[in-house]
Amino acid sequence: MVSLSDAMERGSRKMKKLKMWNLTSALVFLAGAVLFGVPCFRYEVVTPLSGLGALVAVAGVIMGLVKVRCPCCGAFLGALVSSKRPFCPSCGRNLEKVLR
């Protein structure tokens, strides 16, 4: 039998994992945007480095769209998953309760 504290700890880990994927996808996107933007603004021409940056930025967006999803309905949770907004915008379920 699973105790309440074990269930809460498991839910907390799942919420942390969801937030980790959100942060990771945002950082990958930001790194790609910087790699794309700096050569474009500095040299006013698209360089291979800026092309690589565009690919990294797109990878960050795709990572966020694939990994930051509601565990109940599978809908995209939005750009920011936070404890201030713990509800799925699609099905309305409380993510903190679902992930317990």
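Here are some questions and answers about how the labels on this predicted model are earned.

Q: Why is Met15 called buried?
A: Met15 has a relative accessible area of 8%. Buried means under 20%, so Met15 gets that label. You'll find this residue in helix α1, which covers residues 4-43.

Q: Why is Val61 called partly exposed?
A: Its relative accessibility is 39%. Buried would need a value under 20% and exposed one over 50%, and 39% sits in between, so Val61 counts as partly exposed. Val61 belongs to helix α2.

Q: What makes Val61 fit for a nonpolar patch on the surface?
A: A patch takes residues with over 30% relative accessible area, and Val61 has 39%. Val61 is one of the patch residues, together with Phe29, Val58, Ile62, Leu65, Val66 and Phe76. Together they have about 590 Å² of accessible area. Helix α2 (residues 48-67) gives the most to this patch, with 5 residues.

Q: What makes up the largest nonpolar core?
A: It has 8 residues in all: Met15, Leu18, Val68, Cys70, Ala75, Leu77, Cys88 and Leu95. A core is a set of buried residues of certain nonpolar kinds, joined through side-chain atoms within 4.5 Å. Take Met15: at 8% it is buried, and Met is on the list of allowed kinds, so Met15 can be a member. As background, nonpolar side chains tend to be buried together in soluble globular proteins.

Q: Which residues does Leu95 touch, leaving out those up to four places away in sequence?
A: Leu95 touches Met15, Cys70, Pro71, Leu77, Pro86, Phe87 and Cys88. Touching here means heavy atoms within 4.5 Å.

Q: How do you know that residues far along the chain can come together in space?
A: Look at Met15 and Pro86: they are 71 residues apart along the chain, yet their C-alpha atoms are separated by 9.7 Å. Also, among contacts between residues at least 6 apart in sequence, 47% join residues at least 24 apart.

Q: What makes up the protein's run of elements?
A: From the N terminus on, the elements run α-α-α, with 3 helices and 0 strands.

Q: Where is confidence highest, and where is it lowest?
A: Helix α2 is highest, with a mean of 91, while helix α3 (residues 95-98) is lowest, at 73. Over the whole protein the mean pLDDT is 80, and 80% of residues reach 70 or more. Where pLDDT is low, the predicted coordinates should not be read in detail.

How values were computed:
Residues are numbered from 1 along each chain as its sequence is written. Side-chain values use heavy atoms; hydrogens and water are left out. Helices (H or I, at least four residues) and strands (E, at least two) are DSSP runs, numbered from the N terminus. Buried means under 20% relative accessible area, exposed over 50%, partly exposed in between (1.4 Å probe, protein chains only). Patches are made of residues with over 30% relative accessible area and no salt bridge: like charges are joined within 9 Å, nonpolar side chains (Val, Leu, Ile, Met, Phe, Trp, Tyr) within 5 Å. Accessible areas come from the Shrake-Rupley method with a 1.4 Å probe; for residues, only the protein chains shown count as cover. A salt bridge is a side-chain nitrogen of Lys or Arg within 4 Å of a carboxyl oxygen of Asp or Glu. pLDDT is the predictor's confidence in each residue, from 0 to 100.
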